[in-house]
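Below are some notes for a colleague who has the model open. They are set out as numbered points, beginning with the empty space that a probe can find in the protein.

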Amino acid sequence: MSFQEQGHALPQSHDTTPILNSSLCPYAPLLESADANAAADAPLRQRRRRRTSSVVLLLLTGLLGGAIFVAVVLLKNGNNEPNEEMAVPLVNAIPVGRGVAEGVSSKSFRPLLRAPVFSWTAKMLAWHRTAFHFQPRKNWMNDPNGPLIYKGWYHFFYQYNPYGAVWGNIVWGHAVSKDLIHWRHLPIAMVPDNWYDINGVWTGSATILEDGQLIMLYTGSTNESVQVQNLAYPSDLSDPLLVDWVKYPGNPVLGPPPGIAPQDFRDPTTAWLTPEGKWRFTIGSQINKTGISLVYDTKDFKTFELLNGALHRVAGTGMWECVDFYPVSMVVENGLDTSDNGPEVKHVVKTSLDDDRNDYYAIGTYDGDSGSWIPDDPTIDVGIGLRYDYGYFYASKSFYDQEKKRRVLWGWIKETDNEKTDIQKGWASVQAIPRTIVFDKKTGSNIVQWPVEEIKSLRMNKNVFEKVEAEPGSIVYIDVPSASQVDIVVEFELDEEALKSINGTDDDAAYSCMTSGGAAERGALGPFGLLIHTHKSLTEQTPVYFYISKDTQGNFKTFFCADHSRSSEASEVDKAIYGSTVPVLKGEKLSMRILVDHSIVESFAQGGRTCITSRIYPTKAIYEDGHIFLFNNATDAAITASLQIWQMSSAYAHS
């Protein structure tokens with residue numbers, strides 16, 4: 001049925017700084033600073049050489065001051081003027097929780113209360129900008145939208161604020177690439193210029209039809225803040241760059257069905273073909289805190305049939321946004337087209353949970369006749385089990401690359417610093433390096449994510465370190481020309497005798513990355529790994545590491561973690577410890593790959609079974625003062641590590 005038939009009225013168109021206070025960062029030093037200096041100094045030398053009335057008055061003063069501040073920022077930032085032809089209404093600035101009142105997840109990081117604001121210098125902030133991750137030249141960016149490949153060009157659309165480095169005034173940015181690494185920025189694709197999307201052109205997905213036509217379904221926020229679905233398409237299909245887009249005159253094509261709240265109906269997926277030859281897609285929602293994915297069939301993307309039931313639902317998970325649905329092969333390495341199905345195919349359902357802003361997925365079986373999906377293992381269902389990434393990676397969206405026969409995943413990496421700092425530096429957020437997705441045929445229980453092969457084109461000088469030994473409680477300096485832009489591959493071997501002889505404990509069996517003491521908490525078999533962006537004094541460091549636990553029955557469990565608690569001497573940035581378990585099969589060596597790009601660190605364990613994206617803001621461990629160390633903080637086991645480290649060139653040097 002059409003939007004009008006659903007009973008919705010149609011409006012008329014129209015260096016010596018001390019470490020953080022222990023109350024903010026309760027973290028014991030990994031090792032004595034002198035040990036770090038001893039490990040680093042030699043190679044470094046070689047290379048270098050009230051009352052009510054008062055309260056009311058105070059509130060009024062604060063509001064006036066805030067308004068003046070926003071006006072000054074907008075007037076001062078001459079570089080942030082949008083294109084003259086874009087008539088996009090400005091959104092009033094608010095200190096925290098941007099987006100919640102408008103009906104989307106919070107787009108603001110909330111720093112610790114009373115945390116002092118660090119005095120960032122221009123040099124520090126310049127170092128934070130990435131060299132090979134996708135980001136606009138300036139301003140705010142969030143969700144990836146409608147990625148696809150068309151006539152040899154990869155297209156990437158994204159939520160973008162052309163006016164500043166905070167969320168608001170959302171339009172669709174647009175860029176194209178031949179290799180997913182080097183990007184060419186194009187004019188803005190869509191702006192909020194109709195009643196049905198005047199409060200934001202929000203997330204959507206692309207579908208390439210059988211006859212070669214291309215359509216985009218996207219969520220618009222109306223002048224009454226109702227979430228509706230709209231149709232858009234290129235004005236010229238012969239243009240490989242797809243510069244100009246047209247909105248369907250009959251928009252909106254879908255509104256919230258009965259029983260769905262006006263602000264709980266968003267983010268349509270790419271459509272897939274049904275056995276009857278119809279197109280089918282799903283939209284995220286919730287009913288009484290039960291996350292749900294509604295399913296629609298259509299022949300023309302203008303009229304729709306809402307199927308009974310849902311693709312899937314999980315109680316207690318809250319609002320599902322940015323839902324994704326796609327097949328994975330159990331037998332071949334290639335990715336699959338979204339419409340593929342069959343006896344050797346599993347399907348992945350993924351959602352971005354509004355409540356905790358993480359991306360969860362599960363593998364299961366799809367019934368094309370009923371339009372429903374059931375998980376293989378209900379104990380790790382969508383929203384309560386596996387995650388794409390255990391760091392900062394949200395609102396992800398995949399697409400099928402028909403030219404290279406692969407499924408490619410995009411994900412948004414948000415800022416976790418102070419909003420004032422984002423305004424100072426003039427930009428906020430990046431996208432993760434695109435990843436390929438395949439079914440893990442070895443475990444049969446998870447997917448594997450891996451950076452697209454094209455990222456290797458940026459590799460330059462290679463340093464190899466074979467069988468570097470680290471005794472319990474030691475660190476080893478890894479001497480590389482620079483540590484700011486590197487691709488690291490490392491394999492670890494543990495002392496086999498220690499694995500056999502150590503007695504398991506109940507405490508070790510209850511280990512968790514997030515509730516542990518981080519890399520400073522010592523166990524018999526861990527932690528051990530690498531210290532990234534580390535000052536030689538160790539006052540700033542970001543450990544990425546394994547921890548192996550052993551229970552009283554002799555069972556081993558391997559954890560992959562990233563500890564941000566000493567990543568920065570600034571107080572107002574996120575410093576949590578992230579991670580989860582990672583499957584390790586018999587005969588496998590422990591391995592990790594780490595892509596380091598200034599303030600972004602993407603870490604992949606065991607070929608991409610578990611991933612962690614870190615967003616860090618060092619104040620001292622930058623430029624030539626940032627280093628890499630191998631560390632082993634286990635109490636009973638020695639390790640041996642073999643490393644390959646490539647220096648990475650900038651993707652923007654060739655754009």
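1. The model is a predicted one, and I would begin with its second largest pocket, which holds about 470 Å³ of space. Of the 18 residues that line this pocket, those closest to its centre are Glu-496, Leu-499, Val-584, Glu-588 and Leu-590. Three elements give two or more residues to the lining, namely the strand β26 (485–494), the helix α5 (496–501) and the strand β29 (556–563).

2. Sorted by class, the lining of the second largest pocket consists of nine nonpolar residues and seven charged ones, with two polar residues besides. Glu-496 and Glu-588, both among the residues closest to the centre, belong to the charged class.

3. The second largest cavity, as distinct from the pocket just described, has a volume of about 70 Å³. Its lining is made up of Arg-357 and Asn-358, then Gly-391, Tyr-392, Phe-393 and Tyr-394, and finally Trp-412, Ile-413 and Lys-414. By class, these lining residues divide into five nonpolar, two polar and two charged.

4. What does the protein contain by way of helices and strands, and how many of each? There are six helices, set beside 35 strands.

5. As for the protein as a whole, 60% of its 655 residues count as buried, where buried stands for a relative accessible area under 20%. The area that the protein exposes comes to about 26000 Å², and carbon and sulfur atoms supply 52% of that area.

Note on methods. Residues numbered from 1 in each chain as written. Predicted model: local features only at pLDDT ≥ 70, side-chain atom pairs only at ≥ 80, totals over all residues. Heavy atoms only, no water. 1 Å grid on protein atoms, 1.4 Å probe; cavity = no way out; pocket = protein on both sides within 12 Å on 5 of 7 lines; lining within 4 Å. Points joined across faces, edges and corners; volume = space filled by probe spheres on them. Helix = DSSP H or I, 4+ residues; strand = E, 2+ residues; numbered from the N terminus. Buried < 20%, exposed > 50% of the residue type's maximum accessible area, 1.4 Å probe, protein only. Areas by Shrake-Rupley, 256 points an atom, 1.4 Å probe, with all protein chains shown as cover.
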